[in-house]
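Reader: Could you take me through one part of this model at close range, and then show me how the neighbouring parts fit around that picture? I would enjoy a connected account rather than a list.

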Amino acid sequence: MTRPLLDVRDLRVTFHIRREGDLPWTQPRELHAVGGVDFSLAPGETLGVVGESGCGKSTLARALIGLVPAEGQAEWIDGKDLIGLSPRQMMKYRNDIQMVFQDPLASLNPRMTVGQIIAEPLTTHHPGLKRAEVKERVKAMMEKVGLLPNQINRYPHEFSGGQCQRIGIARALIVEPKLIICDEPVSALDVSIQAQVINLLIRLQRELGLALIFIAHDLSVVKHISDRVMVLYLGRVMEIASSDDLYAAPQHPYTQALLSAVPVPDPAHDMAASVVPLAGDLPSPLAPPSGCVFRTRCPRATERCAAEVPVLSGAGHQTACHFPGPLTEAEIAFARRTEAA
Amino acid sequence: MVIEQEKMQRLATRMVEEEVKGRSPWADARKRFLRNKAAMAGLVILILVALFALFGDMLAVWSNEELDFSVMGQVATMGAPSLENGHYFGTDDLGRDLFSRTVQGTQISLMVGIVGAGIAVIVGTLYGATAGYVGGRTDQFMMRAVDILMSVPYMFVLILLLVMFGRSIAMLFLGIGLISWLEMSRIVRGQTLSLKNREFIEAARATGVSTWKIIIRHIVPNLLGVVAVYATLLVPLMILTESFISFLGLGVQEPLTSWGALISEGAGTMNYGTLWQLAFPLFFFVITLFGFFFVGDGLRDALDPKDR
């Protein structure tokens with residue numbers, strides 16, 4: 001097997017929360033936004049990351065790029081651990097890892113022209129470039145992402161949401177990175193525009209040999225773009241598998257419940273008959289359940305789940321569950337009953 | 001079809017070659033400002049006052065230092081404003097031409113206002129933006145320093161400074177400059193805090209732009225709207241402060257003068273029937289303050305149309 005582009009081992013992000021009115025010497029409470037995530041990413045591969053809101057998807061992305069402090073290990077292809085690098089050492093890798101953000105308009109400075117916005121990473125990492133050369137490369141990049149290069153002097157508010165996201169993608173691509181982290185890049189867009197942006201991403205990935213970490217909460221979008229998919233719940237990995245495998249035969253009860261909630265484009269389909277409801281709400285990450293974090297909502301939970309933390313196991317298709325396997329009819333019926341109660 | 005093709009060709013070349021000029025947020029704001037009648041009137045008044053300060057000397061028949069011996073001693077009867085003897089605004093108590101004195105006072109007062117506001121804008125913006133963006137301990141330390149400076153009664157400090165180091169225009173600038181940026185830095189810090197978590201700042205950080213460049217390139221331009229509004233409202237405040245100091249007799253020194261000093265003199269003699277000595281400086285003082293307030297209001301409406 002070739003060396004992975006990025007090998008993440010036991011990545012943790014902990015926020016220290018101080019409540020209003022706490023005295024200075026009280027211990028701040030710990031919030032484990034990401035609690036020990038492992039995965040590896042091959043060059044040119046797309047890893048989809050899914051999970052409900054508040055499960056640590058965005059925090060994971062910000063930790064990888066060094067925007068929030070993290071612990072653990074994230075080994076880049078050259079053998080360097082990206083976690084805990086000083087800003088100066090990190091600078092070299094910022095060129096290789098770029099990010100595309102969720103809100104297309106908010107991620108662009110309203111007082112800068114599109115040309116200045118796209119050129120910013122380039123002028124930051126290659127300060128010696130001549131103006132004319134920068135401009136030429138910006139124009140070439142605009143053309144590549146499907147923007148008219150003659151609009152280089154326009155401002156973000158003069159573009160539509162989809163165009164703004166293209167600008168964001170152009171900004172990420174201009175330094176020719178090896179990995180792009182997309183933090184819900186299409187959730188703020190219309191469905192038709194979503195398809196355009198996703199197809200653009202797929203095309204660019206093929207042309208440039210990029211690796212993508214694609215974060216989304218839309219499961220069908222993730223299925224369309226990803227080679228492999230990682231399911232997160234409360235900052236822990238529940239299941240990682242190739243996209244086809246995961247969608248065809250999910251092993252973790254949480255993944256099954258999640259997939260059963262995907263709308264089916266068929267009016268004859270009875271949603272109520274197929275969906276597996278989950279009782280209760282996402283537990284607070286300030287006080288996660290002992291053992292398996294999903295046990296409080298799992299129809300299959302036993303005493304062992306409360307006592308023992310399941311480890312991610314399996315070859316290729318990895319699951320963090322003591323009792324993996326498809327849900328039985330009895331378990332689905334049990335889930336419906338507890339939901340109704 | 002042939003014509004169609006030609007047309008398309010032309011369109012294509014036009015789209016490729018010409019760079020479309022963008023409409024910046026500043027251009028939008030300018031348009032809104034120009035449509036605001038009150039603000040435009042304020043601006044015209046300010047321009048006229050500025051022209052009066054710059055070129056008023058050319059119209060004056062008398063210099064501001066000469067004493068007109070023909071009116072001396074009988075200012076109340078002979079020193080009234082008249083076009084014949086060249087004292088357009090009359091004379092002051094000593095027989096000096098009030099027109100050229102007002103020109104001089106306008107120059108000094110506007111300078112005090114603009115320099116004071118200028119210091120506030122530069123120091124306050126950078127200080128506040130740095131404190132807000134860097135955050136944490138640095139922010140705490142910097143803002144507590146501002147709190148401490150603000151808790152000192154500034155008029156008292158200003159008067160002490162002027163008494164201890166002598167009354168000079170430089171000391172006046174220093175004193176006003178010292179106090180003017182405090183409020184500004186607080187406003188700017190607050191704005192920076194709300195800007196700091198926007199995604200475009202995060203994008204700049206993710207790509208490795210240095211802190212200083214983020215402040216200069218991303219934070220400050222997005223603050224300038226608020227700063228511009230506050231600065232235009234600060235200029236009259238500075239003028240008022242200077243006038244108050246001068247009214248107390250601690251401001252600018254003879255032979256220099258300012259609106260405050262002139263108003264003070266005029267108020268002292270108004271019982272003797274020489275009302276013009278009060279009226280002319282006061283008139284300029286009042287219209288300038290109105291002008292600045294209208295322009296400030298107009299700028300606020302133009303720069304954040306959502307806040308109306």
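Author: Happily; what follows begins with a sheet in chain A, moves on to a hairpin in that chain, and then crosses over to chain B. Please keep in mind throughout that this is a predicted model.

Let us start with the open sheet of chain A, which has three strands in the order β2-β1-β4, paired antiparallel. Its edges are β2 (29-41) and β4 (71-76) of chain A, each of which pairs on one side only. From one strand to the next, the twist averages 20 degrees. As a general reminder, strands of a sheet pair through backbone hydrogen bonds, in a parallel or an antiparallel way. Here, β1 of chain A (residues 6-17) and β2(A) are joined in the antiparallel sense by ten bridges. If you would like a place to look along that pairing, find Val8(A), whose bridge partner in β2(A) is Phe39(A).

The sheet also has a helix lying across it. This is α1 (residues 57-64) of chain A, which crosses β1, β2 and β4 of chain A and runs at about 110 degrees to β1(A).

One residue of β1 deserves a pause. Asp10(A) belongs to strand β1 of chain A, and its phi is positive, at about 50 degrees, although it is not a glycine. In general, most residues other than glycine have a negative phi. With a relative accessible area of 35%, Asp10(A) is partly exposed.

A second positive phi leads us to the hairpin. Leu234(A) sits in the loop between β8 and β9 of chain A, and its phi is about 55 degrees although it, too, is not a glycine. Unlike a partly exposed residue, which lies between the cut-offs of 20% and 50%, Leu234(A) is buried, with a relative accessible area of 2%. The hairpin around this turn is made by β8(A) and β9(A), with two residues between them. Strand β8 (residues 228-233) of chain A runs antiparallel to β9(A), and six bridges join the two. Within that pairing, Met230(A) has Ile240(A) of β9(A) as its bridge partner.

Ile240(A) is also a good place to turn towards the next strand, as its bridge partner in β10(A) is Gln318(A). Strand β10 (residues 318-319) of chain A is antiparallel to β9(A), with two bridges joining them. As for β9 itself (residues 236-242 of chain A), five of its seven residues are buried, so this strand is largely enclosed by the rest of the structure.

Now let us cross to the other chain. The contact between the chains involves 27 residues of chain B and 31 residues of chain A. Together the chains bury about 2,700 Å², with 49% of it on carbon and sulfur atoms. Glu19(B), Glu199(B) and Thr207(B) supply 23% of the area that chain B buries against chain A, more than any other three residues. Another feature that joins the two chains is Arg111(A), whose charged end sits over the ring of Trp26(B), 4.5 Å from its centre.

Two of those interface residues take us to helix α9 (residues 199-207) of chain B. Eight of the nine residues in this helix are buried, so α9(B) is largely enclosed by the rest of the structure. Among the buried residues are Glu199(B) and Thr207(B), along with Phe200(B) and Ile201(B). After α9(B) comes Gly208(B), with a positive phi near 95 degrees.

Chain B also offers some aromatic contacts to inspect. Over all chains, the structure has 14 aromatic pairs. In one of them, the rings of Phe52(B) and Phe284(B) have centres 4.4 Å apart and planes at 15 degrees, so they count as stacked. Phe52(B) is in helix α3 (residues 37-59) of chain B and Phe284(B) is in helix α12 (residues 276-303) of chain B, so the pair ties together parts 232 residues apart in sequence. Both Phe52(B) and Phe284(B) are buried. They belong to one aromatic cluster that also holds Phe89(B), Phe99(B), Phe280(B) and Phe283(B).

Finally, have a look at Val71(B), in the loop between α3 and α4 (75-78) of chain B. Val71(B) has a relative accessibility of 1% and so counts as buried. Beyond its neighbours within four places in sequence, Val71(B) is in contact with Met78(B), Gly79(B), Thr91(B) and Gly95(B).

Key. Residues are numbered from 1 along each chain as its sequence is written. Chains are lettered from A and ligands numbered from 1 in the order in which they are written. This is a predicted model: local features need pLDDT of at least 70, side-chain atom pairs count only at pLDDT 80 or more; totals for chains, interfaces and linings use all residues. Side-chain values use heavy atoms; hydrogens and water are left out. Two strands pair if DSSP finds at least two bridges between them. Helices (H or I, at least four residues) and strands (E, at least two) are DSSP runs, numbered from the N terminus. Axes are lines fitted to C-alpha atoms, for helices over the stretch in contact, and angles run from 0 to 180 degrees between N-to-C directions. Contact means heavy atoms within 4.5 Å. Rings of Phe, Tyr and Trp (its six-membered ring) pair if their centres lie within 6.5 Å; planes under 30 degrees apart count as stacked, over 60 as edge-to-face and the rest as tilted. Buried means under 20% relative accessible area, exposed over 50%, partly exposed in between (1.4 Å probe, protein chains only). A charge sits over a ring if NZ of Lys or CZ of Arg is within 6 Å of the ring centre and within 35 degrees of the ring normal. Buried area is the accessible area (1.4 Å probe) that two parts lose on being put together, summed over both.
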